[in-house]
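Colleague: Could you take a close look at one part of this model for me, the aromatic cluster, and then walk outward from there to what surrounds it? A connected account would suit me better than a list.

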Amino acid sequence: MDSSEDMVQAARKRLPALEFELADIATWNPPQQYDVILANAALQWVPDHATLYPRLVGKLAPGGILAVQTPDNLEEPAHRLARQVAGEAPWAAKTGEVKHPPRHSAAWYFELLKPHCGVLDVWRTTYHHPLAGAAAVVEWPASWRAIRR
């Protein structure tokens, strides 16, 4: 599922044997339950996790698994520098302002989900990506776009 028509079409083209749905997870309300709901680097853009996450857990079949990976790297040097550069001329007029919903700690998610889950694992991890030189630093984010296509 994705809320982007382009992403759904790309997924259907890349994986024609699978089913993809154009939907907004913030309002997604399927009648059936699922064994697994997986969200990888997507829910950080969706507001109101206090409502969303328990609702997703409620869409799980007994013994089901909600697996969510949410980047929490807005304060990493590369992101801070990118926001600084994007806010300066000539880029500011071209990029606009990106709004990020509030981020929460692992402890916050644990307390939120504890009443809804039989088993709960929540953790925060920092991944280190050693890069060889300035060119690699520039190319690394470009590789993300290639993976998504």
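Modeller: Happy to. Let's start with the cluster itself: Tyr53, Trp108 and Tyr109 come together as one aromatic cluster. Please keep in mind throughout that this is a predicted model.

The count of aromatic pairs in the model comes to three. One of them is made by Trp28 and Tyr34, whose ring centres are 5.6 Å apart; their planes meet at 35 degrees, which falls between the 30 and 60 degree limits, so this pair is tilted. Trp28 has a relative accessibility of 9%, so it is buried, the cut-off being 20%. Tyr34, at 24%, is over that cut-off and is therefore partly exposed. Back in your cluster, Trp108 and Tyr109 give an edge-to-face pair, with 4.9 Å from centre to centre and 85 degrees between the planes. Here too the two partners differ in cover: Tyr109 is buried because its relative accessible area is 13%, under the 20% limit, whereas Trp108 reaches 29% and so counts as partly exposed.

The remaining member of the cluster, Tyr53, leads us into helix H2, which covers residues 49-58. Tyr53 is one of the buried residues of H2, and the others are His49, Leu52, Pro54, Leu56 and Val57. In general, an α-helix has 3.6 residues a turn, so residues that are three or four places apart point the same way. With that in mind, you can look along H2 at His49, Leu52 and Leu56, or at Tyr53 and Val57, all of them on the buried list. What do the buried residues of H2 pack against? Their neighbours are strand E1 (34-40), strand E2 (60-69) and helix H5 (106-113). The cluster fits into this picture, with Tyr53 in the H2 list and with Trp108 and Tyr109 as its partners.

Just ahead of H2, the loop that connects E1 with H2 deserves a moment. Ala41 is located in this loop, and its phi is near 55 degrees, a positive value in a residue that is not glycine. Asp48 is found in that loop as well, and has a positive phi too, near 60 degrees. Most residues other than glycine have a negative phi, and most peptide bonds are trans. As for cover, Ala41 has a relative accessibility of 37%, which lies between 20% and 50%, so it is partly exposed. Asp48 is partly exposed for a like reason, because its value is 47%.

On the other side of H2 in the sequence comes E2, where Gly63 has its place. Gly63 is exposed, because its 79% relative accessibility is over 50%. From Gly63 to Glu76 there are 13 residues along the sequence, and the C-alpha atoms of the two are 36 Å apart in space. A little further on is Ala78, in helix H3 (residues 77-86). Ala78 has 57% relative accessibility and so is also exposed. Its C-alpha atom is separated by 13 Å from that of Leu131, which is 53 residues away along the chain.

Beyond H3 there is another backbone feature to check: Ala89 and Pro90 are joined by a cis peptide bond, with omega about 0 degrees. Pro90 is in the loop between H3 and helix H4 (92-95).

Now for the setting as a whole. The chain contains six helices and two strands, and their order along the sequence is α-β-α-β-α-α-α-α. An unreviewed UniProt entry lists residues 2-80 as "domain: Methyltransferase". That stretch is 30% helix and 22% strand, and its end C-alpha atoms are 27 Å apart. The C-alpha trace of the chain spans about 50 × 40 × 30 Å along its principal axes, and of the 149 residues, 17% are buried. Among the contacts with a separation of 6 or more, 56% are between residues 24 or more positions apart. The chain exposes about 11,200 Å², with carbon and sulfur atoms supplying 59% of that area. Finally, there are 15 positive and 16 negative side chains, and the centres of these two sets lie 4 Å apart.

Notes
Residues numbered from 1 in each chain as written. Predicted model: local features only at pLDDT ≥ 70, side-chain atom pairs only at ≥ 80, totals over all residues. Heavy atoms only, no water. Phe/Tyr/Trp six-rings, centres within 6.5 Å; stacked < 30°, edge-to-face > 60°. Buried < 20%, exposed > 50% of the residue type's maximum accessible area, 1.4 Å probe, protein only. UniProt positions renumbered as here; feature names shortened; annotations may be inferred. Helix = DSSP H or I, 4+ residues; strand = E, 2+ residues; numbered from the N terminus. Contact = heavy atoms within 4.5 Å. Areas by Shrake-Rupley, 256 points an atom, 1.4 Å probe, with all protein chains shown as cover. Lys, Arg positive; Asp, Glu negative; His and termini not counted. Charge placed at Lys NZ, Arg CZ, Asp CG, Glu CD.
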